[in-house]
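Here are my notes for your first reading of this structure, set out as numbered points. Please keep the sequence and the 3D view open beside them, and look for each part as it is named.

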Amino acid sequence: MQIYHIPWIYTPVRTVLAIWHQLTKTEIIELTKGSVMMRERSRVEDTIYAMQKAGPGSLQVISDFDMTLTRFAHKGKRLPTTHNILNNRLLINEDSTKKMKELLNTYYPIEIDPSLSREEKLPYMVTWWTEVHELLIQQRIRKDMLAQVVRESSAMLREGYRVFFDCLAEHRVPLLIFSAGVGDVLEEVIRQNDVFHPNLHIISNYMDFDHTGVLQAFKGQLIHSYNKRDVALSHATALRELHGRPNVLLLGDSLGDLNMAEGVSEAQNILTVGFLNDQVEERKESYINSFDIVLLKDETMDIPNVILRHIVSPEMASKVQRKK
Ligand SMILES: Nc1ccn([C@@H]2O[C@H](COP(=O)(O)O)[C@@H](O)[C@H]2O)c(=O)n1
């Protein structure tokens with residue numbers, strides 16, 4: 001617009017446009033729920049509107065898997081991570097079952113301890129993941145048993161998952177699942193829930209089976225909760241389909257997940273949503289200071305779905321809002 005190049009008219013025009021934007025934008029009612037915390041609500045809404053303006057063609061979603069796309073608890077019971085799904089007597093013996101539980105009880109409290117820095121946690125995370133992977137290799141896990149152990153497990157995707165996965169697929173928005181869990185297991189969870197769509201990309205710890213289908217190693221660089229920055233950078237060039245999509249909706253449950261978008265070249269708008277599932281009071285402050293939106297003990301995909309609806313079909317989002 002030529003008018004912008006006349007200096008004296010520039011500021012008033014921008015001001016009028018900003019006021020017009022403030023007056024015409026609809027409030028996102030769902031963000032006022034008690035379980036939703038935000039450091040700066042206006043920034044969140046402005047980012048969503050900027051993403052809406054750019055449309056689904058500019059969007060990509062990057063999400064963690066365990067306890068982000070899957071539920072943390074159901075009917076008061078903790079649900080398993082992809083590693084813990086493998087802790088099944090069909091795959092490993094009694095001693096290893098005990099050992100895996102001991103490792104979980106030792107290292108999970110360190111993983112979520114708000115008084116420890118990332119640097120202090122790092123060596124413990126490497127030890128936890130390495131010991132469990134070695135134990136799984138020793139147990140000679142069989143590839144053909146994975147589908148059954150996933151079926152027998154209590155793992156569940158969050159309520160509203162189908163809307164989330166289907167909406168992204170329908171609008172051809174790439175979904176990058178970036179997980180420090182076990183890739184083969186997470187793929188099976190997604191497949192058994194019938195949402196393994198072609199827009200899905202996965203970065204995770206994948207098992208390497210020998211020609212008889214027995215686990216012999218894990219492939220590639222070890223991914224744990226606090227090295228996602230390095231892993232994201234090393235995969236950046238490989239994920240060509242995600243290039244040219246400068247707007248990112250990032251979902252995670254750990255502060256380490258905030259680094260998952262490091263590999264996005266020329267990012268314009270990044271909106272981060274953190275599920276705070278455990279040790280809520282102790283970790284609330286650090287989560288609010290780090291994520292744009294924090295969801296407290298919310299086992300649903302409601303908020304990510306509302307955000308997506310505003311970006312991919314704004315007319316639907318405002319109709320839903322008017323009805324309420
Ligand atoms: N032996 C292990 C190691 C890790 N975990 C948990 O899995 C989570 C990692 O997966 P993301 O999809 O969240 O990246 C991590 O947060 C650990 O708590 C485990 O259960 N057992």
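1. Buried residues make up 37% of the 324 residues in the protein chain. Please bear in mind from the start that this is a predicted model. The protein chain holds 12 helices and 11 strands, and among its contacts with a separation of 6 or more, 70% join residues that are 24 or more positions apart.

2. The next point is the division into domains. The domain assignment gives domain 1, made of 26-71 + 156-323, and domain 2, made of 73-152. The centres of domain 1 and domain 2, taken over C-alpha atoms, are separated by 22 Å. To the contact between them, domain 1 brings 31 residues and domain 2 brings 30 residues.

3. Which elements give two or more residues to the side of domain 1 that touches domain 2? They are strand S5, helix H8 (183-192), strand S8 and helix H10, and of these H8 gives the most, with six residues. Sorted by class, the residues on this side of domain 1 are 14 nonpolar, nine polar and eight charged.

4. Please turn now to the ligand, which has 18 residues around it, and of these Asp66, Thr81, His83, Ser179 and Ala180 come nearest. Two or more residues of the shell are given by each of helix H3 (82-85), helix H4 (94-111), helix H5 (118-138) and strand S5 (175-182). By class, the shell consists of eight nonpolar, seven polar and three charged residues.

5. Where does the ligand lie with respect to domain 1 and domain 2? Both domain 1 (26-71 + 156-323) and domain 2 (73-152) give residues to the shell around the ligand, and therefore the ligand lies between them.

6. The strand pairings deserve a slow look, beginning with S11. Strand S1, residues 36-38, pairs with strand S11, residues 293-296, in the antiparallel sense over three bridges, and here Met37 has Val294 in S11 as its bridge partner. Strand S10, residues 269-276, also pairs with S11, but in the parallel sense and over four bridges, with Leu276 standing opposite Leu296 in S11. Between S10 and S11 the chain passes through helix H10 (residues 280-290), and this β-α-β crossover is right-handed. When you follow these strands, remember that in a regular strand the side chains alternate between the two faces of the sheet.

7. A hairpin offers a second case of antiparallel pairing. Strand S7, residues 207-209, and strand S8, residues 215-218, run antiparallel and are joined by three bridges, and the bridge partner of Phe209 in S8 is Leu215. There are five residues between the strands of this hairpin, and Gly213 takes a positive phi near 85° there.

8. Is Ile29, which sits in the loop between helix H1 (7-24) and S1, buried or exposed? Ile29 counts as exposed because it has 11 C-beta neighbours inside 10 Å, where the cut-off for exposed is 12 or fewer. Ile29 also shows how separation in sequence and in space can be read side by side: Ile29 and Val306 are 277 residues apart in sequence and 9.6 Å apart in space, C-alpha to C-alpha.

Terms used:
Residues numbered from 1 in each chain as written. Predicted model: local features only at pLDDT ≥ 70, side-chain atom pairs only at ≥ 80, totals over all residues. Buried ≥ 20, exposed ≤ 12 C-beta atoms within 10 Å, placed from the backbone. Contact = placed C-beta atoms within 7 Å. Near = placed C-beta within 6 Å. Nonpolar A, V, L, I, M, F, W, Y, C, P; charged D, E, K, R; others polar. Domains from an automatic or database assignment. Pairing = 2+ DSSP bridges. Right-handed = clockwise from strand over helix to strand, strands pointing away.
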